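Work through these exercises with the model open beside you. Try each task before you read its solution.

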Amino acid sequence: ACLLPDASDYDCVGGDGNGPYYTGRVRVAGPDVFDLDDDGDGTGCDASPLATSPASLSPEEAVALFYALIDRRQFASAYALYSSRFRASEAPSFEAWQAGYATTDRVILEYVRRPSGAAAVVEVSILARDIVSGETLVRRFAGTWTLVQEQGAWRLDVARILVLPAP
């Protein structure tokens with residue numbers, strides 16, 4: 001994944017950094033200017049704790065955690081980050097929702113950030129790699145999530161995500 005080159009800082013989702021941008025697992029090529037690759041193996045944020053309590057997450061971190069959980073195929077935990085409204089109207093069946101990721105091999109978070117002045121709107125860009133009939137298909141998705149507070153934690157409520165041209 002390509003991180004925004006002009007970003008002031010990136011931190012690993014679920015880590016102790018303060019953003020303003022967060023990323024999940026990412027390949028590090030060249031200098032590790034954001035100190036994401038703690039063990040020097042070429043993969044950044046591979047040790048990010050995903051057991052972080054949703055109540056302690058910012059809106060950006062909740063969205064980043066959602067995609068990191070999908071990448072790690074921890075679907076039940078990702079589904080739990082949806083608001084009750086979203087689950088009822090957009091994804092009423094966990095099994096059907098999970099089946100939508102049957103061919104997904106990787107989800108790479110390119111960026112997640114909160115626009116200035118936006119309390120509960122988060123911009124996101126991801127790459128999804130699917131294996132379909134033995135062929136690799138890479139798609140880029142970008143847009144916004146609107147989050148709501150439920151049970152003391154930020155929950156993903158309204159998606160405005162579009163498919164963009166692949167890299």
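**Exercise 1. The hairpin**

Which residue in strand 8 does valine 148 stand opposite?

Solution. This is a predicted model: local features need pLDDT of at least 70, side-chain atom pairs count only at pLDDT 80 or more, and totals for chains, interfaces and linings use all residues. Residues are numbered from 1 along each chain as its sequence is written, and side-chain values use heavy atoms, with hydrogens and water left out.

Step 1. Find the strands. Helices (H or I, at least four residues) and strands (E, at least two) are DSSP runs, numbered from the N terminus.

Step 2. Check the pairing. Two strands pair if DSSP finds at least two bridges between them. Strand 7 and strand 8 run antiparallel, joined by 11 bridges.

Step 3. Read across. Arginine 155 is the residue opposite valine 148.

Step 4. Look at the turn. The two strands form a hairpin with 2 residues between them. Glutamine 151, in that turn, has a positive phi of about 50°.

**Exercise 2. The core**

Find the largest nonpolar core and say which element gives it the largest share.

Solution. Step 1. Apply the rule. A nonpolar core is a set of buried Ala, Val, Leu, Ile, Met, Phe, Trp, Tyr and Cys residues joined through side-chain atoms within 4.5 Å. Buried means under 20% relative accessible area, exposed over 50%, partly exposed in between (1.4 Å probe, protein chains only).

Step 2. Read the result. The largest core has 31 residues. Val63, Phe66, Tyr67, Trp97 and Trp145 have the most contacts inside it.

Step 3. Assign the share. Elements giving two or more residues include helix 1 (59–71) and strand 7 (135–150). Helix 1 gives the largest share, 8 residues.

Step 4. Inspect valine 63. Leaving aside neighbours within four places in sequence, valine 63 is in contact (heavy atoms within 4.5 Å) with residues including Val112, Trp145 and Leu156.

**Exercise 3. Salt bridges**

Locate the salt-bridge partners of glutamate 60 and aspartate 71.

Solution. Step 1. Use the cut-off. A salt bridge is a side-chain nitrogen of Lys or Arg within 4 Å of a carboxyl oxygen of Asp or Glu. The count is 7.

Step 2. Take glutamate 60. Its partner is arginine 114, with the closest N and O atoms 2.8 Å apart. Glutamate 60 sits in helix 1, arginine 114 in the loop between strand 5 and strand 6, 54 residues apart. Glutamate 60 is buried at 9%; arginine 114 is partly exposed at 32%.

Step 3. Take aspartate 71. It meets arginine 106 at 2.9 Å, N to O. Aspartate 71 is in helix 1 and arginine 106 in strand 5.
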